Amino acid sequence: MVDLSEGGAASPGHDRRAPGSGNNGKKTSKRARTRRGRRGRKRRNKKNNRNNKTPPPYFPPEAEEGNIEYKLKLVNPTQYRFEHLATQLKWRLQEGRGEAVYQIGVEDNGLLVGLSESDMKASLRTLKRMAEKVGADITLLREREVDYDLDRNTRKIAEVLVRKVPDDQQFLDLRVAVLGNVDSGKSTLLGVLTQGELDNGRGRARLNLFRHLHEIQTGRTSSISFEILGFNSKGEVVNYSESRTAEEICESSSKMITFIDLAGHHKYLKTTIFGLTSYCPDFAMLVVSANTGIAGTTREHLGLAMALKVPIFIVVSKVDLCSRGTVERTVRQLERLLKQPGCNKLPMGVANPDDAVTAAQQFTQSACITPIFTLSSVSGESLDLLKIFLNILPPLSNSKEQEELMQQLTEFQVDEIYSVPDVGTVVGGTLYSGVCREGERLVVGPTDEGRFLRLKVGSIQRNRSACRVLRAGQAATLALGNFDRSLLRKGMVMVSPKMNPTICCQFEAAIVLLFHAKTFRRGSQVTVHVGNIRQTATVECLHGKDELRTGERAVVRFCFIKHPEYLRLGAKLLFREGVTKGIGHVTGLLPASQNHDQNQNHDQNLPEHQRPPPDRCGAP
C-alpha cells in the first residue's frame, strides 16, 4: 500500500530531493532565481525586438525597359565604366522620349540603401558628366533620408530628372485637354500659366486666349483654342513672359505642354466631345470652382474623359474667394464622387512639392490615381505645385510604340481648315502614323462621292514655328498651296497613295448604352464621334436583340446618312442624341461597294411597310 500523505509520492514538476542531494550541494536562493528571471526576460525581449524590427523600405525592382534607372552609387568610375554608364543613360533617355529618372542610392532589387553626404555629391557629379556627354541636363527633384537602423548614420537617396537639350524641333510634346463647368476658371488658369502673370480677379489673364468677339464680351469659351507651356532641359518654365514668341518658346523647350482649351457650357458640348475625340489628348485636366463645387457639366465631362480612357487630374480653382472650410468641403465632394463604383478612382491630394513629384510618377503608372490640386490664379497659391507636376509628368507611350507607328504608312487626320493670305489652303490636325515631310505627295478624302484627291504638302508648322519633318503622334498645320478649300472638310484623312484606303457607309460596333430615356432600337438616329469624324448615323440593326435599354450591350450596325468615311477597326466610338449617350468600339467595316447588296438582302426579309427608304449613302 502506497502512502500518499506525507511525501509518499511526488507531484509532477515538484522536487522532493533532500537538501544537499542536488545542485552540487548548494541551495538556490531567491535572489539568484530573480536574477535568472531578469536575464531571461532581457534575452526574450531582445529576440522579439529583432523579429519586430521595421523592415528596410523598398522600391519595386528595377525594370529593364522604361526610363527609370536605379544606381547604388556613381563614385569615381573608370573610363570604361563611364562609357558604359553613358550608353546606359542614352538608352533610358530613348525609352522616355528624351527624359529619364535616376534613383541614386538604390540597389537594382529596389532596396533603399542610401549614401553618405560625400558619396552622394560624387555620384551627382558623375551623373552630370554623363548627361553632358549625351547632350542632356540634370535636375535634382528631391532627396530623402533613409534611417531604418539606429546603429548606422543617416543616409540619403536622391531622385534626379535627366532631360535632353532640345535639338531640331524634336521636343517632347504632351497634349492636355482642359475640362470643367462654365465659369470654373479654365481659360484664366491657362492664361496665368502661359503668360506668366497672375490674374487681376476680373479675367484679364484669359483675354489672349479668346478667338471671337462674343467670347471676350461674355467671358465664355465657345471654340477650341490651343496654348503652349514649355520647360527647358533644367526644368525651368518657358512661356510668353519676357516678350517671347511661340517660335522662341519651341526653340528653348525640351518639353512642351499643349493645352486644349474646351468649352464648358452645355450648348457647346458637341465641340467639347470633338476636341476630346479628334485631338487625341494624353491627359485631361478637370477644373472645378471651389465656391460652386460639382455643378453643371462637371460630372458629364468627367464621364466623357473616363469613357474615352483619358487619364484625368483635378484642379480646384478660386480658393482665394472662399474660406478654408468651403475648399475642404469641395475636395470631400470630389473624393466621394471619385470613389463611387462608376469611377473607382483613388484621390491623391497634393499639398507640397514632394506630393507633386510622387503624384506625377504614380499618375501614369496606375490608372486609378487621381491627383487633386487646390490653387488660385489671383494670389498664385499652390500654382508652383501644378508646374512641378507638369514638368515631371512622363509620356504615356514609350519609344518602341513610337517607332512602330513611324514605320507605318503616313496617315494625317484633318481637324481644322483655314485660308491664309499669301499661303493658300492650310489644314491642321494630328499625324496618326508614319512620317510626313515637306514636299511629300499624299491623297486626301473621302469626298462625298467616296474618292481620294491628290495633293502636295508645301510647308509644315508645329506650335506656330517651322518644322521640316513631322513624326507620328505630333500635331501640326500643313500648307497645301492652291488646293481648292471647298473640296476639304473636317473628318477627312490625308494618307499615302500606297495605302489604298477602304471607305465605308456602314460599320458595326460593340456598344454599351450609357443612358436612354426609353429604348434604343432600329431606325434611331444618333450623332457618332469616331476620332475626327462627326456625322449623324442611323441604326440599321441590333444583332440578337430588338431593342436596348440603359446599361445593356449589343453589336449594332450603323449607317452614315450623308457621305462615306474612312474608319479603322478597333477605333473608339462615342454617340449621343439629346440625353442619349453610348460608347463602344468599331468591330467591322462594310465597304461602300457591299452596302447596297447587303441592304437589299436584309430588306427583302421585311414586310413592305417596314422597309426603310432608299439609302442615300450608296456606292461611289
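This report describes the overall make-up, one sheet and the aromatic side-chain contacts of a predicted protein model.

## Overall make-up

The protein has 620 residues, and buried residues make up 49% of them. Its secondary structure comes to 13 helices and 31 strands.

Among contacts with a separation of 6 or more, 71% are between residues 24 or more positions apart. The exposed area of the protein is about 31600 Å², and carbon and sulfur atoms supply 47% of that area.

## An eight-stranded sheet

Eight strands form an open sheet with antiparallel pairing. Read across the sheet, the order is β17-β16-β22-β13-β14-β21-β18-β19. The edges are β17 (453-456) and β19 (465-467); each has a single partner strand, so one side of each is left without a neighbour in the sheet. From one strand to the next, the twist averages 40°.

Within this order, β14 is followed by β21. Strand β14 covers residues 424-433 and strand β21 covers residues 475-479. The two pair in the antiparallel sense over five bridges. In this pairing, Gly428 stands opposite Thr477 in β21. In general, strands of a sheet pair through backbone hydrogen bonds, either parallel or antiparallel.

## Aromatic pairs

The count of aromatic pairs in the model comes to 13. One of the pairs is formed by Phe507 and Phe560, with 5.3 Å centre to centre and 35° between the planes, and is classed as tilted. This pair links distant parts of the chain, its two residues being 53 residues apart. Phe507 belongs to strand β23 (residues 503-515), and Phe560 belongs to strand β28 (residues 553-560).

Phe507 counts as buried because its relative accessibility is 0%, where the cut-off for buried is under 20%. Phe560 is also at 0% relative accessibility and therefore counts as buried.

Ring pairs also produce a cluster, which links Phe283, Phe313, Phe363, Phe373 and Phe389.

## Charges over rings

Two arginines are placed over aromatic rings, as described here for each in turn. Arg129 lies over the face of Phe82, at 4.3 Å from the ring centre.

The charged end of Arg568 sits over the ring of Tyr432, and the distance to the ring centre is 3.7 Å. The numbering places Tyr432 within strand β14 (residues 424-433), the strand that pairs with β21 over five bridges.

Technical notes:
Residues numbered from 1 in each chain as written. Predicted model: local features only at pLDDT ≥ 70, side-chain atom pairs only at ≥ 80, totals over all residues. Heavy atoms only, no water. Helix = DSSP H or I, 4+ residues; strand = E, 2+ residues; numbered from the N terminus. Buried < 20%, exposed > 50% of the residue type's maximum accessible area, 1.4 Å probe, protein only. Contact = heavy atoms within 4.5 Å. Areas by Shrake-Rupley, 256 points an atom, 1.4 Å probe, with all protein chains shown as cover. Pairing = 2+ DSSP bridges. Axes fitted to C-alpha atoms, helices over the stretch in contact; angles between N-to-C directions. Phe/Tyr/Trp six-rings, centres within 6.5 Å; stacked < 30°, edge-to-face > 60°. Lys NZ or Arg CZ within 6 Å of the ring centre and 35° of its normal.
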